[in-house]
Amino acid sequence: MSMSHDIDAFGRAQLQSRREAGDGETTVGITKQQAAANRDAIVSAADGLFRERGVEAVGLNELMGAAGLTRGGFYNHFASKDALVDTVLATAMAIGSSNLNRAITAAQALGSDPLTERIDWYLSPEHRANIEHGCPNASFAGDARRLDPAARGHYAKGLAENLDRLAQIVDTPELGEGERRARAIALFSEMVGALLLSRAVADADPALADEILDSARTDLHHRTGAAR
């Protein structure tokens, strides 16, 4: 049963139970700090599970168990599954943008080309394996179009920020602003596409998965003038 159906079916009984006697995770005896920690645990667990399995494939029991909490506490923190998904997408995309900014700043501080560094990291076996904590633009690409408008908006905002930042580090002085953005979109599209294809076949054909990463990485280095 999908998480949405699970929550909907459970929600009516849950809300009635609250009216009568409270539920398994009441606010009585729980500090604000613990309540905030519990909420963060739910968001963190959902983020990892949604990336790995897809939003609709994750049920409420599994989610709350992964967060180390009882099923009854879900509605103390979120009014619905959509509310949780909105929070997960907003948080994941904001963290992704922050991580990109830190990576660029670190590369520049070391005198390295930040675009080359980004390509090497993005198209690495380590990033391919790190689905739960890797780039959210790739991890949520398959789910984004099926989410509610608010979650789709968070995804689009995060993607636009990512493209804007990449356009700033495309080291091609002869290009105008619009051309630099177009170049960044094309480069990132190849990066995401190669990563997703490599992940799709990593278990069935590891050699092909590596070949996809290697070929895309080499092509991108040539196209950005960073061939080695």
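**View 1. Phe74, Tyr75 and Phe78 come together as one aromatic cluster.** This is a predicted model, and this close-up takes you to a group of ring-bearing side chains. Look for Phe74, Tyr75 and Phe78, the three members of the cluster. By the rule that ring centres must lie within 6.5 Å, the count comes to four aromatic pairs. One of them joins Phe74 and Tyr75, with 5.3 Å from centre to centre and 85° between the planes. That arrangement is edge-to-face. Are these two residues buried or exposed? Both Phe74 and Tyr75 are buried.

**View 2. Trp121 and Tyr122 form an edge-to-face aromatic pair.** Here the ring centres are 5.7 Å apart, and the planes make an angle of 80°. Now compare how each partner is covered. Trp121 has 36% relative accessibility, so it counts as partly exposed. Tyr122 has 0% relative accessibility and therefore counts as buried.

**View 3. The chain around these rings has 11 helices and zero strands.** Trace the chain along its sequence and you will meet the pattern α-α-α-α-α-α-α-α-α-α-α. How much of the chain is buried? Of its 228 residues, 43% are buried. Turning to contacts between residues at least 6 apart in sequence, 68% join residues at least 24 apart.

**View 4. The outside of the chain exposes about 11,700 Å².** As you look over this surface, think about which atoms make it up. Carbon and sulfur atoms supply 54% of the exposed area.

Definitions and conventions. Residues numbered from 1 in each chain as written. Predicted model: local features only at pLDDT ≥ 70, side-chain atom pairs only at ≥ 80, totals over all residues. Heavy atoms only, no water. Phe/Tyr/Trp six-rings, centres within 6.5 Å; stacked < 30°, edge-to-face > 60°. Buried < 20%, exposed > 50% of the residue type's maximum accessible area, 1.4 Å probe, protein only. Helix = DSSP H or I, 4+ residues; strand = E, 2+ residues; numbered from the N terminus. Contact = heavy atoms within 4.5 Å. Areas by Shrake-Rupley, 256 points an atom, 1.4 Å probe, with all protein chains shown as cover.
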